[in-house]
Amino acid sequence: QVQFVESGGNLVQPGESLRLSCEVSLSDFRFYTMGWYRQAPGKQRELVAQLAFGGLTNYAGSVKGRFSISRDNTKNTVTLQMNSLKPEDTAVYYCNTVGSPHSWGQGTQVTVSS
């Protein structure tokens, strides 16, 4: 059974940074394009960052230049470094595969507020 365990969320002030981590139980993890998604209250879940097997990254326009996704294929983990956080980044953040997402984990709450 595929599992995603997200961690690292917190309450921070605007302009601060956070680093999210995701442990993935998925065979052949290294071949999957992995992504970080987020869902804000009252909004649909959106993909904000993705990292393909070959290292190609893609970011939503709202986070480009502030967020950075990385992965460790030896540990089956995916990380999202978030800098210069804004109140509009407030959401529950999830990791999952891209294209054909598996069952979702519980996510980790990020709240940006002064």
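Biologist: Which residues make the nonpolar surface patch of about 310 Å²?

Modeller: Phe 31, Tyr 32 and Phe 53 make that patch. Before we go on: this is a predicted model, in which local features need pLDDT of at least 70 and side-chain atom pairs count only at pLDDT 80 or more, while totals for chains, interfaces and linings use all residues. Residues are numbered from 1 along each chain as its sequence is written, and side-chain values use heavy atoms, with hydrogens and water left out.

Biologist: Why can Phe 31 belong to a patch, given its relative accessible area?

Modeller: Patches are made of residues with over 30% relative accessible area and no salt bridge; nonpolar side chains (Val, Leu, Ile, Met, Phe, Trp, Tyr) are joined within 5 Å, and like charges within 9 Å. The areas come from the Shrake-Rupley method with a 1.4 Å probe, and for residues only the protein chains shown count as cover. Phe 31 has a relative accessible area of 45%, so it passes the 30% mark. You will find Phe 31 in the loop between β3 (18–25) and β4 (34–39).

Biologist: Why is Phe 31 called "partly exposed"?

Modeller: Buried means under 20% relative accessible area, exposed means over 50%, and partly exposed is in between (1.4 Å probe, protein chains only). The 45% of Phe 31 falls between those limits, so the label fits. Asp 28, in the loop between β3 and β4, is partly exposed as well, at 46%. Phi of Asp 28 is near 55°, a positive value in a residue other than glycine.

Biologist: What makes the contact of Arg 38 and Glu 46 a salt bridge?

Modeller: A salt bridge is a side-chain nitrogen of Lys or Arg within 4 Å of a carboxyl oxygen of Asp or Glu. For Arg 38 and Glu 46 the N to O distance is 2.8 Å, which is within the 4 Å limit, so the pair counts. The general idea is friendly enough: side chains of opposite charge can pair when their charged atoms come close.

Biologist: How many salt bridges does the structure hold?

Modeller: There are three. Asp 89 and Arg 38 meet in one of them, at 2.9 Å from N to O. Asp 89 lies in the loop between β8 (77–82) and β9 (91–97) and Arg 38 in strand β4, so this pair ties together parts 51 residues apart in sequence. Another salt bridge joins Arg 66 and Asp 89 at 2.8 Å, N to O. Here Arg 66 lies in the loop between β6 (57–59) and β7 (67–72), so the pair ties together parts 23 residues apart in sequence.

Biologist: Are Arg 38, Arg 66 and Asp 89 buried or exposed?

Modeller: Set each value against the 20% limit. Arg 38 has 5% relative accessibility, Arg 66 has 11% and Asp 89 has 1%, so each counts as buried. Salt bridges that share partners join Arg 38, Glu 46, Arg 66 and Asp 89 into one network. Glu 46 is the partly exposed one at 33%.

Biologist: How do you know that β3 and β8 pair?

Modeller: Strands (E, at least two residues) are DSSP runs, as are helices (H or I, at least four), and both are numbered from the N terminus. Two strands pair if DSSP finds at least two bridges between them. β3 and β8 have six bridges, in the antiparallel sense, so they pass. Among the partners, Glu 23 stands opposite Thr 77 in β8. These strands belong to an open, antiparallel sheet of four with the order β1-β3-β8-β7. Its edge strands, β1 (3–7) and β7, each pair on one side only.

Biologist: Why is β9 described as largely enclosed by the rest of the structure?

Modeller: Six of its seven residues are buried, so the description follows. β9 runs antiparallel to β4, with six bridges joining them, and Met 34 stands opposite Thr 97 in β9. β9 also pairs with β10 (108–112) over three bridges, again antiparallel. There, Thr 108 is the bridge partner of Tyr 93.

Biologist: What makes a set of residues a nonpolar core?

Modeller: They must be buried Ala, Val, Leu, Ile, Met, Phe, Trp, Tyr or Cys residues joined through side-chain atoms within 4.5 Å. The largest core has 27 residues, and Trp 36, Leu 80 and Tyr 93 are among those that touch the most other members. β3 gives the largest share, four residues.
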